[in-house]
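Here is a friendly walk through the inside of a protein. Have a look at the picture before reading on.

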Amino acid sequence: MMTRGSCPAAPATINSPVCSAGAAGGSLGLVRPRVVLFGDSITEQSFRPGGWGAAVADTYSHKADVVVRGYGGYNTRWALFLMHRIFPLDGIAPPLATTIFFGANDAALLGRTSERQHVPVSEYKENLKNIVNHLKDCSNSMVIVLITPPPIDEEGKERFAWSLYGENARKLPERTNEMAGVYAGQCIELAREMRIPCTNIWSKMQETEGWQTLYLSDGLHLTPEGNAVVHKEVVKTLKNAGLKAEDMPYDFPHHSKIDGSCPDMAFQ
C-alpha cells in the first residue's frame, strides 16, 4: 500500500525492454546503437591505454557502444573473409556507423620480408569497395568512414628493427612512406567515388613538424599523441556525417534527471 506523497514501491521483477531490429537507441531502454571499428593492428591496439578507440568510446559514452574488430597483420584481401561473420546481413541490428582502417599491410613492398601481406593497389581499392558495398547491403543508413593508412617513418622502423634484432635486422625497408601515400590516395579516391566520408590520416599527421617520432612509436604504430590525432579526426568525420554525440539521446536517464526520493519516475 502506498501512502499519500510516497513513491511507489519498485517492482519485484523487472523485465528489460527489448530492442527491435535496427533500433537506434533513441527511446528509453532501447539497446544502444553500435559503432564498429574495423581494421588491422592500429585498430586492434586502439583500446590500449591512450588508444583512439577507447577515446571514441568515451566520446559516445551513454550514447553508443564502440566495438573493436581489429586484426593485426590483416590486409583488405583477408578482411573480405570476415565480412559475413562480423557484419551478417540478417539476425542482428546493423551498426549505426563503421570505420574501415586498412592499408598499412596492403602497402608492404614486394620482395621484402612482409611481401606475404602485399596487395596490389588496384586490388586494395577494389577490396575496399567490396567492403563498403557489403556494409551498404547491411544498412542503407549506416555511416561508413574510410580511414587512410598512416604515414611511415622509414628511419623509425629501421631503428625499431635494430632494437629488436641488432645486426640481424632486415637491411631494406619493408614499407615506405611514398608507397603508403599511394594507397592513401586510392582510399581517398574511392571515398569520393562512393560519396562516403574519409579521414586522411596520412596527410594530417605530416602537417606537424617532427611527426615521425611524435605520432609513431615504431615507424608505423601510434604513440598516444598519434592516437589523439586519429581520435580527433574520426570524431570530426562522424560529427560531419550527423553523429554528434552531444545531440544523441542517452540510452537511460542522466543521473541528474533521477529524483532521489522517487527514482522510478525517470524510468517510466
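What follows covers the nonpolar cores and one helix pair.

## The main core

Keep in mind that this is a predicted model. Its largest nonpolar core has 31 residues. Which of them touch the most other members? That would be Trp52, Tyr60, Val230 and Leu238.

Several pieces of the fold chip in. Strands S1 (34-39), S3 (97-101) and S4 (143-147) each give at least two residues to this core, and so do helices H2 (52-59), H8 (201-205) and H10 (224-240). H10 supplies the largest share, with five residues.

## Leu238 and a second core

Let's zoom in on Leu238. Leaving aside residues up to four places away in sequence, Leu238 touches Tyr60, Ala97, Val143, Val145 and Leu243.

There is also a second core, separate from the one above, made of 27 residues. Among them are Ala107, Cys138, Met142 and Ala191.

## Where H2 meets H10

Now for two of the helices that feed the largest core, H2 and H10. How do they sit against each other? Their axes come within 8 Å and cross at roughly 40°. An angle from 35 to 65 degrees counts as oblique, so H2 and H10 are oblique to each other. The crossing of H2 past H10 is right-handed.

On the H2 side, the contact is made by Trp52, Ala55, Val56 and Thr59. H10 brings Asn227, Val230, His231, Val234 and Val235. What kinds of residues make up this contact? Six are nonpolar and three are polar, with no charged ones. Trp52 and Val230 turn up here as well as in the list of core residues that touch the most other members.

How values were computed
Residues numbered from 1 in each chain as written. Predicted model: local features only at pLDDT ≥ 70, side-chain atom pairs only at ≥ 80, totals over all residues. Heavy atoms only, no water. Core = buried A, V, L, I, M, F, W, Y, C linked by side-chain atoms within 4.5 Å. Buried < 20%, exposed > 50% of the residue type's maximum accessible area, 1.4 Å probe, protein only. Helix = DSSP H or I, 4+ residues; strand = E, 2+ residues; numbered from the N terminus. Contact = heavy atoms within 4.5 Å. Axes fitted to C-alpha atoms, helices over the stretch in contact; angles between N-to-C directions. Parallel < 35°, antiparallel > 145°, perpendicular 65-115°, else oblique. Left-handed = near helix turned anticlockwise from the far one by under 90°. Nonpolar A, V, L, I, M, F, W, Y, C, P; charged D, E, K, R; others polar.
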